[in-house]
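Q: Please take a close look at the salt bridges in this model. Which side chains pair up, where do they lie, and are they buried or exposed?

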Amino acid sequence: MFQYFGYGSNMDMTSLRAKGVDPHDSVRGVLPGWELRFNVTHFFTHEGGVGNIVETAHTDHAVHGVVHQCDDEALALLDAAEAYGSGYDRVEVEIQTERGPIVALAYVGIDGFIDDACRPTRRYLNILVSGAVNAGIDADYVDWL
C-alpha cells in the first residue's frame with residue numbers, strides 16, 4: 001500500500017477510476033508551502049497546460065487535494081497515466097489532513113516539460129472543480145480554481 005496525493009484531475013474519483021485506480025480510502029489534505037500551477041505541457045497541445053505543484057518560499061501558499069490509499073499495483077497505472085519519467089517525476093511530500101500528517105507520493109513536472117505560458121482548458125478545470133467539490137475541498141480554494 002502507498003499514499004498518493006491527487007491535486008489535479010485525480011481529485012476527481014471518476015477520473016482516477018478511469019485510469020484503473022480504485023483507492024481503499026481517501027481523505028482531503030493540504031500541502032503547505034507549495035502552489036498549484038498549470039505549466040506542464042500536455043502531450044495533446046490543444047489540452048493546454050496541466051497541473052503541477054511547485055515548492056515556494058511563501059508559507060501562506062498551499063495546494064489542496066486528496067490523499068488516496070492505493071494498492072501497490074496502482075503505482076504502475078498512475079505512472080503511466082501521469083507520464084512518469086517523461087513529463088512528471090515522483091516526490092514524497094507531507095500532507096496535512098484531519099487525521100494528522102501523511103507522507104504521500106505526488107507528481108511534479110520535469111523541467112523539459114514546463115512552460116509557464118501554458119493555460120489550462122475549461123474542460124480540465126471543470127474536472128478539477130468537480131473533483132474538489134465532491135471531495136469537500138475548501139470552498140475558497142474551489143472558487144480560486
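A: What follows goes through three of the pairs in turn. The model is predicted, and the count of salt bridges in it comes to six.

One of them joins Lys19 and Glu82, whose closest N and O atoms are 3.5 Å apart. This pair links distant parts of the chain, 63 residues apart. Lys19 sits in the loop between helix 1 (13-18) and strand 2 (25-32), while Glu82 sits in the loop between helix 2 (74-81) and strand 6 (88-97). Lys19 has 23% relative accessibility and counts as partly exposed. Glu82 has a relative accessible area of 13%, and because buried means under 20%, Glu82 is buried.

Another salt bridge is formed by the side chains of Asp25 and Arg99, at 2.4 Å from N to O. Asp25 belongs to strand 2 and Arg99 to the loop between strand 6 and strand 7 (100-109), so this contact ties together parts that are 74 residues apart in sequence. Asp25 is partly exposed at a relative accessible area of 29%. Arg99 counts as exposed, because its relative accessibility of 52% is over the 50% cut-off.

A further pair is Arg90 with Asp79, where the side chains meet at 2.8 Å, N to O. Arg90 lies in strand 6 and Asp79 in helix 2, so the salt bridge ties together parts that are eleven residues apart in sequence. Arg90 is partly exposed, with a relative accessible area of 24%, whereas Asp79 counts as buried at 15% relative accessibility.

How values were computed: Residues numbered from 1 in each chain as written. Predicted model: local features only at pLDDT ≥ 70, side-chain atom pairs only at ≥ 80, totals over all residues. Heavy atoms only, no water. Salt bridge = Lys/Arg side-chain N within 4 Å of Asp/Glu carboxyl O. Helix = DSSP H or I, 4+ residues; strand = E, 2+ residues; numbered from the N terminus. Buried < 20%, exposed > 50% of the residue type's maximum accessible area, 1.4 Å probe, protein only.
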